[in-house]
Amino acid sequence: MRIIIVGAAGDIGQAARKELEQRHEIITVGRSGGDYQVDVGDMIAVKSLYETVGAFDAVVACAGDAKFAALADMDQETFMVGLRQKVMGQVNLVLAGLDVIADSGSFTLTSGVLDRDPIRMGANAATANGALAGFVKSAAIEMTRGLRVNVVSPGMLDVSAPRYGAWFQGHKPVPSHDVGLAYAKCVEGALTGQVVIVE
Ligand SMILES: NC(=O)c1ccc[n+]([C@@H]2O[C@H](COP(=O)([O-])OP(=O)(O)OC[C@H]3O[C@@H](n4cnc5c(N)ncnc54)[C@H](OP(=O)(O)O)[C@@H]3O)[C@@H](O)[C@H]2O)c1
């Protein structure tokens, strides 16, 4: 398969890539690095990315900022960071890809643990995660041509503990290898409309 990984240089993107590159051609995409650059929050740029890349069989989205801040310090604008980037960035990749991805292709998105196991300052990310779960469940039943869509929802990765561990006290870090396998299951398996939890 020819697989586009958006956010391929990140902790999650590297875990997905390490597993999938053993069997597939990988096209890496980032905001500033990778084979191609895009801001997933910009729908015109996402459409242009697909035109430039040409034929592809799967999209793995591992990109999407959210704002970590105390609830009392959030306003609409700060809250919109996660909705624009983490939710709409990934939804854009699906919407723009519907007509151009190969038959039986798949979209695999990324959410995270925070909507089922919250931490302080995590309300924006948790909201984005819940929205993505609703999106894949609903979008899957309308997809044609054998297309599929799922979202991987990992706990904090082992490799991310130095960056995020202080916020996730008491959380068990998830092996990156297990996270990579979840992306392989979504891309190479038959699941659709699922939240694939890795913890
Ligand atoms: N790490 C964890 O433990 C963990 C656990 C559960 C869920 N998550 C979620 O998974 C996602 C990725 O996390 P991560 O830790 O792997 O992030 P990361 O290490 O910071 O990497 C993010 C990657 O996404 C790219 N990116 C960011 N914004 C983008 C945009 N607007 N358009 C295109 N590419 C963009 C970056 O590209 P450049 O490098 O070129 O800037 C980078 O390659 C986040 O939504 C995060 O909340 C992470």
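User: Buried means under 20% relative accessible area, and exposed means over 50%, with partly exposed in between. On that basis, which residues of α4 are buried?

Analyst: The model is a predicted one. Helix α4 runs over residues 123-140, and what covers its buried residues includes α3, β5 and β6. The residues of α4 that count as buried are Asn124, Ala125, Ala126, Ala128, Asn129, Leu132, Phe135, Val136, Ala139 and Ala140.

User: How far does α4 reach from its first C-alpha to its last?

Analyst: The helix has 18 residues, for which 26 Å is expected at 1.5 Å a residue. The reach found in the model is close to that expectation, and its value is 26 Å.

User: What do the end C-alpha atoms of α3 give as their separation, and on which residue is the kink in this helix centred?

Analyst: Helix α3 covers residues 76-97, and its 22 residues should span 32 Å at 1.5 Å a residue. The end C-alpha atoms are 29 Å apart, which agrees with that expectation. The helix nevertheless contains a kink of about 40°, and the residue at its centre is Met88.

User: At the start of α3, which residue offers a side-chain oxygen to the backbone nitrogen of Glu77?

Analyst: The approach is a polar one, with the side-chain oxygen reaching to within 3.1 Å of the backbone nitrogen of Glu77. The residue that supplies this oxygen is Asp75.

User: Which elements are among those that cover the buried residues of α3?

Analyst: The buried residues of α3 include Gly82, Gln85, Lys86, Val87 and Gly89, as well as Leu93 and Val94. The elements that cover the buried residues of this helix include β1, α2, β4, β5, α4 and β6.

User: Is Ser111 buried or exposed, and which residues is it in contact with beyond its neighbours within four places in sequence?

Analyst: Ser111 is placed in the loop between β5 and α4. Its relative accessible area is 8%, and because the cut-off for burial is under 20%, Ser111 counts as buried. Leaving aside neighbours within four places in sequence, the contacts of Ser111 are Lys86, Asn129, Leu132, Val151, Val152, Ser153 and Pro154.

User: Which residues does Ala182 touch, not counting those up to four places away in sequence?

Analyst: Ala182 is found in helix α6, which spans residues 176-188, and at 6% relative accessibility Ala182 counts as buried. Its C-alpha atom is separated by 13 Å from that of Val149, although the two residues are 33 apart along the chain. With residues up to four places away set aside, Ala182 touches Val152, Val196 and Val198.

User: What is the phi of Met121, and what is the phi of Arg145?

Analyst: Most residues other than glycine have a negative phi. Met121 lies in the loop between β5 and α4 and is partly exposed at 32% relative accessibility, while Arg145 lies in the loop between α4 and β6 and is partly exposed at 33%. Neither residue is a glycine, yet phi is positive in both: for Met121 it is about 75°, and for Arg145 it is near 60°.

User: Which element supplies the largest share of the lining of the largest pocket?

Analyst: About 990 Å³ of space lies in this pocket, and among its 44 lining residues Cys62, Ala63, Gly64, Asp65 and Tyr164 lie nearest its centre. At least two lining residues each come from α1, β2, α3, α4 and α5. The largest share, four residues, comes from α1.

Conventions:
Residues numbered from 1 in each chain as written. Predicted model: local features only at pLDDT ≥ 70, side-chain atom pairs only at ≥ 80, totals over all residues. Heavy atoms only, no water. Buried < 20%, exposed > 50% of the residue type's maximum accessible area, 1.4 Å probe, protein only. Expected span 1.5 Å × (residues − 1). Bend = angle between axes of the 7 residues up to and from the residue. Contact = heavy atoms within 4.5 Å. Polar contact = N/O pair within 3.5 Å; in protein donor to acceptor, adjacent residues only side chain to side chain. 1 Å grid on protein atoms, 1.4 Å probe; cavity = no way out; pocket = protein on both sides within 12 Å on 5 of 7 lines; lining within 4 Å. Points joined across faces, edges and corners; volume = space filled by probe spheres on them.
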